[in-house]
Amino acid sequence: MKIIQLLYTQIVKYTFGAPSAAVDFIIGGSNNGWQYWKDGSGLPINETLRN
């Protein structure tokens, strides 16, 4: 198995109205940002910010 590390540099500052919009931009598809993004403890932000 070959692992390839890709590095990206963001040149323009973007602001997103929702976590899902931000993850869609980064990954390039439709994703649930509330499940994708994690807090400092490794929990999805859905569990910590929505409760």
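A pocket is an open set of grid points with protein on both sides within 12 Å along at least five of seven lines, and its lining residues have an atom within 4 Å of a point. With that in hand, the first close-up can be read directly on this predicted model.

**Figure 1. The largest pocket and its lining.** Five names to look for here are Tyr8, Thr9, Gln10, Phe25 and Ile26, which line the largest pocket. The space in this pocket comes to about 170 Å³. Which kinds of residue make up the lining: nonpolar, polar or charged? Three are nonpolar and two are polar, while no charged residue takes part. Keep Phe25 in mind, as this lining residue returns in the next view as part of an aromatic cluster.

**Figure 2. Phe16 and Phe25, a tilted aromatic pair.** The structure contains four aromatic pairs. In the pair shown here, the ring centres of Phe16 and Phe25 are 5.4 Å apart; the pair counts as tilted because the planes meet at 45°, and tilted pairs are those that are neither under 30 degrees nor over 60. Are these two residues buried, exposed or something in between? Phe16 has a relative accessibility of 33%, so it is partly exposed. Phe25 is partly exposed too, with a relative accessible area of 46%.

**Figure 3. Tyr36 and Trp37, an edge-to-face pair.** Here the two ring centres lie 5.1 Å apart, and the planes stand at 85°, so the pair of Tyr36 and Trp37 is edge-to-face. Tyr36 is partly exposed, its relative accessible area being 39%. Trp37 also counts as partly exposed, at 28% relative accessibility.

**Figure 4. An aromatic cluster.** Let us go back to Phe16 and Phe25 and add one more ring. Together with Tyr14, they form one aromatic cluster.

**Figure 5. Trp34 in helix α2 and its contacts.** Trp34 sits in helix α2, which spans residues 33–36 and has the highest mean pLDDT among the elements of the chain, 92. Which residues does Trp34 touch once its neighbours within four places in sequence are set aside? The contacts are Pro19, Ser20, Pro44, Ile45, Asn46, Leu49 and Arg50. Ala18 is 16 residues away from Trp34 along the chain, and the C-alpha atoms of the two are 8.8 Å apart.

**Figure 6. Ile45, a buried residue of helix α3.** Ile45 belongs to helix α3, the element with the lowest mean pLDDT, 90, which covers residues 45–49. Is Ile45 buried or exposed? Its relative accessibility is 12%, so Ile45 counts as buried, the cut-off being under 20%. Beyond its neighbours within four places in sequence, Ile45 contacts Pro19, Gly33, Trp34, Trp37, Lys38, Asp39 and Arg50. Pro19 and Arg50 also appear among the contacts of Trp34. The C-alpha atoms of Ile45 and Gln35 are 6.7 Å apart, with their positions ten residues apart along the chain.

**Figure 7. The whole chain, for orientation.** Stepping back, the protein chain has three helices and zero strands, and along the sequence they follow the pattern α-α-α. Of its 51 residues, 12% count as buried. Among contacts between residues at least 6 apart in sequence, 3% join residues at least 24 apart. How confident is the prediction, or what does the chain average in pLDDT? The average is 85, and 86% of the residues score at least 70.

Note on methods: Residues numbered from 1 in each chain as written. Predicted model: local features only at pLDDT ≥ 70, side-chain atom pairs only at ≥ 80, totals over all residues. Heavy atoms only, no water. Phe/Tyr/Trp six-rings, centres within 6.5 Å; stacked < 30°, edge-to-face > 60°. Buried < 20%, exposed > 50% of the residue type's maximum accessible area, 1.4 Å probe, protein only. 1 Å grid on protein atoms, 1.4 Å probe; cavity = no way out; pocket = protein on both sides within 12 Å on 5 of 7 lines; lining within 4 Å. Points joined across faces, edges and corners; volume = space filled by probe spheres on them. Nonpolar A, V, L, I, M, F, W, Y, C, P; charged D, E, K, R; others polar. pLDDT = per-residue confidence, 0-100. Helix = DSSP H or I, 4+ residues; strand = E, 2+ residues; numbered from the N terminus. Contact = heavy atoms within 4.5 Å.
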